[in-house]
Amino acid sequence: MVLPRSTPAEQGVDPRGIDEFLSAVAESGIELHSLMLLRHGQVVAEGWWAPYSPTKVHLLYSLSKSFTSTAIGLAVAEGRLSVDDPVVSFFPDAVPADPSPHVLQMRVHDLLCMGTGHREDTTREVFARHDTEPVRAFFDLPPEETPGSVFAYNSSATFMLSAILSKITGQQLTDYLRPRLFEPLGIDETYWHALNSVDIGFSGLHVRTESIASFGQLYLQRGRWGDRQLVPESWVDAATSNQISTVTPWRQNEPIDWRQGYGYQFWRCQHNAYRGDGAYGQFCVVVPESDLVLAINSATTNMQAILDAAWKHLLPAVDSPATVDSGTQLQQRLSTLALPTIAGSRSGPDSGPWTFAAALSSTEPGLFPAAAELTVTPKDDGWSVRFDADQEIRCGYGAWVEGTVGVPEWQPMPVAGCAAWTEAGVFEVDIAFLDTPHTLRITCGAGTFDMAWKTEPLHGGRFTDLAAPRHK
């Protein structure tokens with residue numbers, strides 16, 4: 001299902017507020033990739049920053065958690081489990097011989113609200129200990145506190161929810177949600193990273209921006225979609241209400257919207273709103289009192305600044321007077337959005353091509369295994385950047401040029417490149433990996449090249465751990 005479109009003025013939103021939101025985000029140096037704003041169930045503003053586009057899926061990082069919670073809610077409605085079930089009851093063979101009382105006390109509810117009793121996220125240690133049996137490793141790390149008594153954001157808790165769902169249904173999250181959630185919402189393209197045939201749950205989901213918006217609208221409508229109640233109202237209410245305080249002695253300096261409480265894999269926000277969110281600014285924000293949904297993909301470490309701009313500019317725009325001229329101006333801006341390209345010149349030290357050897361610090365083994373040499377060749381629209389003669393990426397001058405890159409054992413993955421010679425005589429390349437929030441910066445000078453992520457990928461830092469698994 002394609003969401004209905006309208007204009008801000010027709011749905012009681014002053015376009016100037018949306019324009020001011022975009023300006024505030026830009027002035028904060030935040031890199032947005034996409035935005036959709038819904039009022040009364042109508043899309044009133046949407047935009048994609050080239051080379052990102054409406055048809056492309058994007059990694060959600062921890063916004064994936066809210067979809068995992070929804071799957072658990074559906075399974076509860078089907079009578080397959082209860083939030084009060086002990087976690088160990090699903091995996092008796094993985095429980096240690098002498099388990100901690102806190103492990104035995106832990107319930108599904110505690111996994112859902114990040115109240116496992118652990119003081120810190122155990123995910124890295126769980127998978128470092130036993131990536132082939134993470135459930136056993138989870139039980140081997142007993143909580144320091146009584147489950148339900150303290151909050152600690154813990155992605156391994158969400159993995160356990162996915163493992164439970166797979167255990168009781170015999171299906172992975174994606175397959176379980178497809179007929180119950182994805183297909184009714186018209187979400188026809190979904191990819192989820194898995195481990196040992198279990199979708200990891202806490203991250204790894206790739207969907208389009210409109211899919212995020214539809215998901216948020218479903219929750220705004222308390223689980224109802226058209227004439228169907230897809231998710232029980234009781235689950236929507238429980239999942240989006242304050243199940244546990246996020247203020248603890250060891251979380252004193254968290255941004256204000258991370259101190260509003262936590263539900264079932266949803267964060268509470270200021271203004272009686274709630275959200276699912278993921279690293280680097282993947283957002284599904286729902287504001288029931290304003291009948292708003294905001295869906296965003298981005299690449300920033302300053303996630304609070306996006307929410308601050310929304311509260312300051314979008315909320316006051318609701319039910320404010322609007323003019324036709326302001327709407328036209330906004331539409332023109334939304335239709336011409338693009339990420340900045342590298343500033344510089346097309347002219348190098350000579351006519352080229354130019355060859356650079358890998359610097360010792362150049363590391364991205366998941367992308368260009370042991371790349372020893374990079375060759376830059378001028379082209380009509382920019383340059384060809386070739387690694388070891390077998391990996392070529394086209395880069396535009398003053399524009400993004402889309403293409404693909406291949407990795408051993410993977411299908412070609414979508415990328416876009418831009419480049420320029422800087423005043424210092426350095427050739428700089430940006431490669432945006434369009435399944436993800438991440439861009440790789442390649443710097444070539446003095447006969448060598450180096451690579452570094454502009455925002456460091458999580459989960460090990462390898463691009464092949466993040467790209468949509470459709471390519472595998």
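**A tour of cavities and strand pairings**

By class, the lining of the second largest cavity comprises 3 nonpolar, 6 polar and 1 charged residues. The model on display is a predicted one.

**The second largest cavity**

To see this lining, select His-33, Ser-34, Trp-48, Tyr-52, Ser-53, Lys-56, Val-57, His-58, Thr-209 and Asn-297. The space that these residues line has a volume of about 40 Å³. Colour the selection by residue class: Lys-56 is the charged member, while Trp-48, Tyr-52 and Val-57 are the nonpolar ones.

**The largest cavity**

Over the whole structure, a search finds 3 cavities of 30 Å³ or more. Proceed to the largest of them, with a volume of about 50 Å³. Select Leu-37, Val-285, Val-287, Leu-292, Leu-294, Ala-310, Trp-311, Leu-314 and Leu-315, which form its lining. Strand S12 (282–287), strand S13 (292–299) and helix H11 (303–317) are the elements that each contribute two or more residues to this lining. Show H11 next: with 4 residues, this helix gives the most to the lining of the largest cavity. Which classes of residue occur in this lining? There are 9 nonpolar residues, with no polar and no charged ones.

**The sheet S3-S7-S4**

Now display the strands. Strands of a sheet pair through backbone hydrogen bonds, in either a parallel or an antiparallel sense. Select S3, S7 and S4, an open sheet of 3 strands in the order S3-S7-S4, with antiparallel pairing. At its edges are strand S3 (58–59) and strand S4 (191–192), each of which pairs on one side only. Zoom in on S3 and strand S7 (residues 205–207), where 2 bridges make an antiparallel pair. Label Leu-59, and then His-206, its bridge partner in S7. His-58, at the other position of S3, was already selected as part of the lining of the second largest cavity.

**Strand S14 and its two partners**

The final stop is strand S14 (residues 354–358), which pairs with strand S15 (residues 373–379) in the antiparallel sense over 4 bridges. S14 is also joined to strand S22 (residues 448–453), in this case by 2 bridges and with the strands running parallel. Centre the view on Ala-357 of S14. Where are its bridge partners in S15 and S22? In S15, Ala-357 is partnered by Glu-373, and in S22 its partner is Thr-448. Keeping Ala-357, Glu-373 and Thr-448 on screen shows a residue with a bridge partner in S15 and another in S22.

Definitions and conventions: Residues numbered from 1 in each chain as written. Predicted model: local features only at pLDDT ≥ 70, side-chain atom pairs only at ≥ 80, totals over all residues. Heavy atoms only, no water. Pairing = 2+ DSSP bridges. 1 Å grid on protein atoms, 1.4 Å probe; cavity = no way out; pocket = protein on both sides within 12 Å on 5 of 7 lines; lining within 4 Å. Points joined across faces, edges and corners; volume = space filled by probe spheres on them.
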